[in-house]
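Work through the exercises below with the model open. Try each task before reading its solution.

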Amino acid sequence: MTRLLALTLLPFLLSACDLVVLSPAGDVAWQQRDLVIIATVLMLLIIIPVMVLIALFAWRYRAGNTKATYTPDWDHSTHLELVIWAAPLLIIICLGAVTWMYTHLLDPYRPLDRIARGQPVAAEIEPLEVQVAALDWKWLFIYPEYGIATVNEMAAPVDRPIRFRLTSTSVMNSFYVPALAGQIYAMPGMETTLHGVINRPGEYDGFSANYSGDGFSGMRFTFHGVDHDGFDQWVARVKEAGGSLDRFAYLELAKPSEKEKPRHYASVDEQLFRLIRDRCAEPGRMCMDEMMAIDAEGGLGLAGLRLLQPLEEGRPSALTALFGRRSVDVASICTPEEAAASEAVSWSASLVPQVDPAPLVGAGLPRPAPISSAAPAMSVRQPFGI
């Protein structure tokens with residue numbers, strides 16, 4: 001009786017579930033739902049007959065059925081073998097073809113060619129670019145087109161393609177808005193891309209689908225799907241909030257924290273996403289793209305060791321949940337503007353490396369210009385393609 005009551009109540013309990021994956025609000029997520037359904041149905045074409053045959057064989061060849069044919073020496077049937085192998089093979093071929101097609105069609109790096117079934121993207125419509133950084137443990141969204149930034153909240157207009165550019169500050173996270181599109185990883189020192197579109201207004205949940213430490217469970221944000229007028233109003237509200245997200249404000253924001261409430265920034269450093277991605281938001285630290293460019297030219301050889309400098313307590317530095325403060329850093333090959341700005345930072349003169357006037361070992365690299373011992377460590381070399 002208790003089991004029967006539990007089964008009776010089960011549909012009512014399941015009615016409270018949010019089946020957003022099977023009823024999404026974005027065209028990309030809708031196509032992914034179709035793939036899930038098609039793959040499930042194809043696999044059920046084998047699973048259901050097998051389950052039925054298991055019950056049928058158990059009943060037909062039970063010990064009490066004396067009328068069943070007993071053939072202990074039987075071991076082969078060509079017709080049966082054809083059925084057993086042909087049916088799964090055909091299903092695997094169909095499943096492989098469908099999966100291959102959808103894999104290329106729903107490639108997260110592939111720009112959208114439609115916003116809904118039968119509605120191609122108009123040639124004059126530009127995708128909305130959103131730069132996403134996974135911090136410990138919160139999400140930072142930057143809108144370069146509007147010069148604003150938000151934390152743990154984002155919005156997008158209905159029926160306008162969205163191009164996400166994603167990175168992370170310390171550990172790998174997974175960006176996922178089930179109603180919008182599939183998940184994609186955000187990784188430190190790398191950039192990934194995701195394209196999507198929202199077709200129905202509403203508020204949708206977004207979160208990290210990859211465990212990333214203590215505050216992982218609270219790493220959630222709200223995605224607002226609004227019409228174009230509503231999006232313009234949302235942008236205006238963000239700008240009214242005031243506040244500026246420059247490099248120093250970002251270094252404070254990047255410190256690990258949990259269950260952060262949404263916050264808005266009316267302006268943002270236009271280079272901030274690049275600095276986060278290339279792991280050089282701290283003033284004076286060499287960017288990864290600079291390192292790769294130097295390596296492509298043959299490297300700095302032993303002379304490059306002179307760029308290493310220990311971190312100082314008074315110097316701004318991003319703290320991460322996994323690694324904490326680094327013991328050494330690489331002085332940046334920086335722009336003249338960065339070098340001038342660094343004059344205001346009181347770093348120890350003893351940390352400034354002395355430049356050897358001898359030619360560098362790396363192939364094709366110019367000899368560094370002499371500098372005064374009073375110059376900051378970040379300006380030890382001439383500007384290099386920033």
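**Exercise 1. Classify C287, C280 and C94 as buried, partly exposed or exposed.**

Solution. This is a predicted model, and the classes follow from computed accessibility.
- Step 1: take C287. Its relative accessibility is 4%. Buried means under 20%, so C287 counts as buried.
- Step 2: take C280. Its value is 1%, so C280 is buried too.
- Step 3: take C94. Its value is 40%. Partly exposed covers the range between under 20% and over 50%, so C94 counts as partly exposed.

**Exercise 2. Which cysteines does the disulfide join, and what is its handedness?**

Solution.
- Step 1: recall the chemistry. A disulfide covalently bonds the sulfur atoms of two cysteines.
- Step 2: count. The structure holds one disulfide.
- Step 3: identify the partners. C280 is joined to C287, with S to S at 1.9 Å. The cut-off for the sulfur pair is 2.5 Å.
- Step 4: read the torsion. The angle about the S-S bond is 85°, and the link of C280 and C287 is right-handed.

**Exercise 3. Classify the ring pair of W139 and F221, then place it in the fold.**

Solution.
- Step 1: choose the descriptors. An aromatic pair is described by centre distance and plane angle.
- Step 2: apply them. The ring centres of W139 and F221 are 5.9 Å apart, and the planes meet at 65°. Edge-to-face requires an angle over 60 degrees, so this pair is edge-to-face.
- Step 3: locate the partners. W139 lies in strand β4 (residues 138-143) and F221 in strand β12 (residues 220-226). The pair links distant parts of the chain, 82 residues apart.
- Step 4: check the exposure. W139 and F221 are both buried.
- Step 5: widen the view. W139 and F221 belong to one aromatic cluster with F141, F164 and F175. The structure holds 14 aromatic pairs.

**Exercise 4. Which arginines sit over tryptophan rings, and at what distance from the centre?**

Solution.
- Step 1: inspect W30. R33 lies over its face, 4.2 Å from the ring centre.
- Step 2: inspect W59. The charged end of R62 sits over this ring, at 4.0 Å from the centre.

**Exercise 5. Describe the surroundings of H195.**

Solution.
- Step 1: place the residue. H195 is part of strand β10 (residues 192-196).
- Step 2: judge its exposure. Relative accessibility is 8%, so H195 counts as buried.
- Step 3: find the polar partners. The H195 side chain reaches the backbone oxygen of P108 at 3.0 Å. It also reaches the backbone oxygen of R110, at 3.5 Å.
- Step 4: list further contacts. Beyond four places in sequence, H195 touches residues including V28, Y109, P111, L112, I162, R163 and A181.

**Exercise 6. Where does G230 lie, and how far is its C-alpha atom from that of V158?**

Solution.
- Step 1: place G230. It lies in helix α4 (residues 228-240).
- Step 2: judge its exposure. The relative accessible area is 16%, so G230 is buried.
- Step 3: take the distance. The C-alpha atoms of G230 and V158 are separated by 9.7 Å, while the residues are 72 apart along the chain.

**Exercise 7. Summarise the whole chain: elements, burial, contacts and surface.**

Solution.
- Step 1: count elements. The chain has eight helices and 17 strands.
- Step 2: read the burial. Of 386 residues, 40% count as buried.
- Step 3: read the contacts. Among contacts with a separation of 6 or more, 68% come from residues 24 or more positions apart.
- Step 4: read the surface. The chain exposes about 21800 Å², and carbon and sulfur atoms supply 63% of that area.

Methods: Residues numbered from 1 in each chain as written. Predicted model: local features only at pLDDT ≥ 70, side-chain atom pairs only at ≥ 80, totals over all residues. Heavy atoms only, no water. Helix = DSSP H or I, 4+ residues; strand = E, 2+ residues; numbered from the N terminus. Buried < 20%, exposed > 50% of the residue type's maximum accessible area, 1.4 Å probe, protein only. Contact = heavy atoms within 4.5 Å. Areas by Shrake-Rupley, 256 points an atom, 1.4 Å probe, with all protein chains shown as cover. Phe/Tyr/Trp six-rings, centres within 6.5 Å; stacked < 30°, edge-to-face > 60°. Lys NZ or Arg CZ within 6 Å of the ring centre and 35° of its normal. Polar contact = N/O pair within 3.5 Å; in protein donor to acceptor, adjacent residues only side chain to side chain.
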